[in-house]
Amino acid sequence: MGPLVPQEIIGADWNFFIAFVVGIGFGFVLEQAGFSSSRKLAGMFYGYDTVVLKVFFTAAITAMLGLLFFSLFGWINLNLIYVNPTFLGSAIAGGVIMGAGFIIGGFCPGTSVCAAAIGKIDAMVFVGGIFLGIFIFAEGYPLLEDFYMSGSMGPIKVSDVLGISGGVMALLVIIAALVMFKLGELAEKKWPREEY
Amino acid sequence: MKTKYMNPYLAGVLLGLVLLMAFFFSGRGLGASGAVKSVVVAAVDVVAPEHAANSGFYSKYVGEGKSPMKAWLVFEMIGVLVGGFLSGAFSGRLKWKVEHFPGITANRRLVFAGIGGILFGFGSQLGRGCTSGSALTGMASLSVAGFVSMMAIFGTAFALAYFLRKNWI
Amino acid sequence: MTIKNVIFIGLLLLGVVIAMVPENTTKPYKLTASQMLVEVQGAAEMVTADEVAHWLISKDPSLQLIDVRTPDEFQKYHLEGAINIPISVILKDDYRDYLDQGIKMNVLYSNGTLASHQAWMILRQLGFVNNYVMQGGLNYWFDTIMNPEEPSATSPNEEFAKYDFRKAASGVFGGGVDAALTPPTQTSADKPKVIRREKKKAPAGGC
């Protein structure tokens, strides 16, 4: 059955409308969870507010389980789901730079747009920064291309690398997440802060 | 802890369902920085079309029959703006403000937000996706890239947290 | 029970379940049994050896012959321009671009028609289009195209037309050149139409 658009079960014209609806859900949930506040987001790294950890991992696990169960029931063909390709070197380097951007700027791109939507001026500046950062990358691309393309491993999955089934991998992630949630709550008790 | 926000685990489940919906309908996950990239590409294409056509980066997205703004992520991010605004209106959080730790000035906060944005924008292109596009979506589809991105982003942020503590606590 | 605990227990239970059940690795069939029955009875997947011969001679660019026999058999003899996709590996992703496409007209053949039909059934159930089966297979090809039998004097005219064409074709494929290379009209008229499809976009993504 699914995914519906790539299999032409519903027309490609609907794809942008679906994107819009998905975006509304995305923005609404981010804002309701408190991701429009940079101080709440940064709290993750100082232990006073681990909402990022909780929302992020719960969401990833929910979607992971959803995909696996949908596949089990024959509702979705996992071969047609986009799996982002792994380029090890650039993924790590990019992640490190993004991590620095996260702790310095207090947002990530999705949350900054969401925060800008409710009037956070710091978020608007952050979004402006993203524009500039992407522009710098684009202009410097000739210099970076070799590194950007190096270490291509294709769209590989962790479960395949470890030689376990997707289901077992999901269970491991769930157990790891529950342990981290517990640690997060202990941290929140240890370094309590009032809400903003 | 009393909070005015949604229970984080419930929010997580809802966010996961939104992501699942994207997978089920469109066969792809969420994203954010890709939409900004589209805007940058479109802007460069308007201002300097020749440069765009000759550059190794922009030329992937512009040219005959290609329109950088007609991208899934662009429409998704317009939705995020709408959704975020609706949520803010719903919960009474619509307000112009520079949110910052009381120990620093608003200007300092803005400067750091700008620097962070530049780094995040650059890193998201190098790493082929940001927290939502690569880490969250990638983890849900069990991709190695997703787990690597997640660990690199959060690991680095934790490692640098000590040096930036004056900004936050 | 708090929301948190409900979610924790729910996720954990689902995780245990998904870890214990086997993964679904089947490729889903897209046509139902009754749809298949209609297709099989319509026999629209059949093309005749004469048609194939005609397309080969006229170098029809949309023709793609696919030999579903073993590589050994393929090595010994195969039709001109054919590629070898043994039926045993037909589900491999390597061949998907050949079998699931919207540009060429694939004609499957085997020695008889059993293997080619089996292959076609599987491909059709996967929802692939533009795949056809050469009627009679290679055996029939040899009997008719390569060694055509002269019709008896009482046969209708079209039989003679067919014979003339086969004789000419066999010349092209290896025998002595004879009559004109125009095929009998009724065989060339019903060339199956290639169903044009937009090239399947790989699901895009990225941030």
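In what order do the elements of chain B run from the N terminus on? They run α-α-α-α-α-α-α-α. That pattern is a good place to start a tour of this structure, which is a predicted model.

**A look at chain B**

Chain B holds eight helices and zero strands. Its C-alpha trace spans about 55 × 40 × 35 Å along the principal axes. Of the 169 residues in chain B, 58% count as buried. The accessible surface of chain B comes to about 6,900 Å², and carbon and sulfur atoms account for 70% of it. If you look at contacts in chain B with a separation of 6 or more, 50% of them join residues that are 24 or more positions apart.

One residue makes a handy landmark here. Val18(B) is found in helix H1 of chain B, which covers residues 8-26. Is Val18(B) buried or exposed? Val18(B) counts as buried because its relative accessibility is 11%, and the cut-off for buried is under 20%. Leaving aside residues up to four places away in sequence, Val18(B) touches Val22(A), Gly25(A), Phe26(A), Val29(A) and Leu30(B). That list includes residues of chain A as well as one of chain B. For a sense of distance, Val18(B) and Ile115(B) are 97 residues apart in sequence, and their C-alpha atoms are 30 Å apart in space.

**How confident is the prediction for chain A?**

Chain A averages a pLDDT of 90, and 99% of its residues score at least 70. Among the elements of chain A, helix H6 (residues 121-139) has the highest mean pLDDT, at 95. Strand S2 (residues 152-154) has the lowest, at 84. As a reading habit, where pLDDT is low, the predicted coordinates should not be read in detail.

**Where the chains meet**

The size of an interface is often given as the accessible area lost when the parts come together. Between chain B and chain A, the buried area is about 10,900 Å², with carbon and sulfur atoms giving 76% of it. Phe24(B), Arg128(B) and Trp168(B) supply 8% of the area that chain B buries against chain A, more than any other three residues. This contact takes 121 residues from chain B and 123 residues from chain A.

Chain C also meets chain A. Here the contact takes 22 residues from chain C and 26 residues from chain A. About 2,100 Å² is buried between these two chains, 72% of it on carbon and sulfur atoms.

**Charged pairs**

Side chains of opposite charge can pair when their charged atoms come close. Over all chains, the count comes to ten salt bridges. Three of these are found across the interface of chain B and chain A, and one lies between chain C and chain A. The table gives some examples.

| Residue | Partner | Closest N to O distance |
|---|---|---|
| Lys120(A) | Glu99(B) | 3.4 Å |
| Glu185(A) | Lys4(C) | 3.0 Å |
| Asp49(A) | Lys40(A) | 3.0 Å |
| Asp67(C) | Arg69(C) | 2.9 Å |

How do these residues sit with respect to the surface? Asp49(A) and Lys40(A) are both buried. Asp67(C) and Arg69(C) are buried too. The salt bridge between Glu185(A) and Lys4(C) brings together two settings. Glu185(A) is buried, with a relative accessible area of 15%, whereas Lys4(C) is partly exposed at 21%. This pair crosses between chains, from helix H9 of chain A to helix H1 of chain C.

**A nonpolar patch on the surface**

Those two helices come up again in one more feature. Which residues form the nonpolar patch on the surface? They are Ile175(A), Val179(A), Leu183(A), Leu186(A), Leu12(C), Val16(C) and Met20(C). Together they have about 650 Å² of accessible area. Helix H9 (166-190) of chain A and helix H1 (3-20) of chain C each supply at least two residues of the patch. H9(A) gives the most, with four residues.

Val16(C) is a useful member to pick out. Val16(C) sits in helix H1 of chain C, and with a relative accessible area of 34% it is partly exposed. Patch residues need over 30% relative accessible area, so Val16(C), at 34%, meets that cut-off.

Terms used:
Residues are numbered from 1 along each chain as its sequence is written. Chains are lettered from A and ligands numbered from 1 in the order in which they are written. This is a predicted model: local features need pLDDT of at least 70, side-chain atom pairs count only at pLDDT 80 or more; totals for chains, interfaces and linings use all residues. Side-chain values use heavy atoms; hydrogens and water are left out. Patches are made of residues with over 30% relative accessible area and no salt bridge: like charges are joined within 9 Å, nonpolar side chains (Val, Leu, Ile, Met, Phe, Trp, Tyr) within 5 Å. Accessible areas come from the Shrake-Rupley method with a 1.4 Å probe; for residues, only the protein chains shown count as cover. A salt bridge is a side-chain nitrogen of Lys or Arg within 4 Å of a carboxyl oxygen of Asp or Glu. Buried means under 20% relative accessible area, exposed over 50%, partly exposed in between (1.4 Å probe, protein chains only). pLDDT is the predictor's confidence in each residue, from 0 to 100. Contact means heavy atoms within 4.5 Å. Buried area is the accessible area (1.4 Å probe) that two parts lose on being put together, summed over both.
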